[in-house]
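Grab a pencil and open the viewer. Below are some short exercises, each with a solution worked out step by step.

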Amino acid sequence: MAKIGVGISFAAARSQARALAPPKSTSLSDTASAEAGPQSPGKAEGRKVRLRSAEGDSYELPYEAAVLSMLVKNTLDVEDSDDDDDDDDDENENKGSSEVYELDIPKVSSNCLAHVVKFQKHYIEEPMNELTTPLNGTDIDTIFASQPWYRDYITNLDRSMVFKIVQAANYMEIQSLLDIACLRVSTELVGKTAEEIRVILSLPKMSPEEEETARKKHPWIFEGEV
């Protein structure tokens, strides 16, 4: 039986997620509204961003936390550039610090966005240690021994929500959140056979041709099978 290590499965999960990531420098300009154009990062200190889910529920967070998402940051940068064309610096300087910038996140559901925002808010208080391979442990408890908040955050989520967060982090381009979600997925795959991995990931059965392609692209999944 194949014995997949957490380091191998994490590297593979992260690689696959990055391959599916949207092009860099994307923004929400074509799919969402920015009702209050932000200032430059210095001028935005103390301001808030309100993210709206696919269902229309809103989640407010500090500007510094919101721009952990490159999708949000690039959108706000575009709006900032538009504002610079329309307003003079004195008028921008006089905008109240209580102003809230509202953005739609149309591809993320309310229950998932709530967890995303929770992560972003905590990250600006305690940045997550970068996850690099080889990992500094064989399980989440060990890897996050010095950061118990992150350990509890990801281990307390059920499997279906973790998969939703992988998709949301990919779409919103939040690398640290994507990494920790991929790590959690990888722990689900440790010691599993290719068939068990298929069931965990809710993948359809492969045709012989698809399995042959998979064996070439991801040989680690099939190691040890007879």
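## Exercise 1: an unusual turn

E173 counts as buried, because its relative accessibility is 9% (buried means under 20% relative accessible area, exposed over 50%, partly exposed in between, with a 1.4 Å probe and protein chains only). Before going on, note that this is a predicted model: local features need pLDDT of at least 70, side-chain atom pairs count only at pLDDT 80 or more, and totals for chains, interfaces and linings use all residues. Residues are numbered from 1 along each chain as its sequence is written, and side-chain values use heavy atoms, with hydrogens and water left out.

Task: find where E173 lies and describe its phi.

Solution. Step one: look in the loop between helix 8 and helix 9, where E173 lies. Helices here are DSSP runs of H or I with at least four residues, strands are runs of E with at least two, and both are numbered from the N terminus. Step two: check the backbone of E173, and you'll get a phi near 60°, a positive value in a residue other than glycine. Most residues other than glycine have a negative phi, and most peptide bonds are trans.

## Exercise 2: the helices on either side

Task: work out how helix 8 and helix 9 pack, and which residues make the contact.

Solution. Step one: helix 8 covers residues 159–172 and helix 9 covers residues 175–189; they pack at an angle of about 145°, with their axes 9 Å apart. The axes are lines fitted to C-alpha atoms, for helices over the stretch in contact, and angles run from 0 to 180 degrees between N-to-C directions. Step two: from helix 8, the contact is made by R159, V162, F163, I165, V166, A169 and N170. Helix 9 brings L177, L178, A181, C182, R184, V185 and E188. Contact means heavy atoms within 4.5 Å. Step three: sort the residues in this contact by class, and you get 10 nonpolar, one polar and three charged. (Ala, Val, Leu, Ile, Met, Phe, Trp, Tyr, Cys and Pro count as nonpolar, Asp, Glu, Lys and Arg as charged, and the others, Gly among them, as polar.)

## Exercise 3: two partners of helix 5

Task: describe how helix 5 is oriented to helix 8 and to helix 7.

Solution. Step one: helix 5 (residues 110–123) packs against helix 8 at an angle of about 70°, with the axes 10 Å apart. Helix 5 and helix 8 are therefore roughly perpendicular to each other. As for the cut-offs, angles under 35 degrees count as roughly parallel, over 145 as roughly antiparallel, 65 to 115 as roughly perpendicular and the rest as oblique.

Step two: list who meets whom. N111, C112, L113, H115 and V116 of helix 5 touch M161, K164, I165, A168 and M172 of helix 8. That contact has seven nonpolar, two polar and one charged residues.

Step three: turn to helix 7 (residues 148–155), which packs with helix 5 at an angle of about 175°, the axes being 12 Å apart. That makes helix 5 roughly antiparallel to helix 7. Here H115, V116, K118, F119, H122 and Y123 from helix 5 meet W149, Y150 and Y153 from helix 7. By class, there are six nonpolar, two polar and one charged residues in the contact of helix 5 with helix 7.

## Exercise 4: a loop with prolines

Task: find the cis peptide bond, then see what P127 touches.

Solution. Step one: the cis bond joins T133 and P134, with omega about 0°. P134 sits in the loop between helix 5 and helix 6 (140–143). Step two: P127 is in the loop between helix 5 and helix 6, and is partly exposed, with a relative accessible area of 48%. Not counting residues up to four places away in sequence, P127 touches Q147 and Y150. Step three: P127 and S176 are 49 residues apart along the chain, and their C-alpha atoms are separated by 9.2 Å. S176 lies in helix 9 and is buried, at a relative accessible area of 16%.

## Exercise 5: polar contacts from strand 3

Task: which side chains join E102 in polar contacts?

Solution. Step one: E102 is in strand 3 (residues 100–104), and is buried, with a relative accessible area of 15%. Step two: its side chain is joined to that of R50 by a polar contact of 2.4 Å, and to that of R52 by one of 2.6 Å. (A polar contact is a pair of N or O atoms within 3.5 Å; within protein, one must be able to donate a hydrogen and the other to accept it, and residues adjacent in sequence count only if both atoms are side-chain atoms.)
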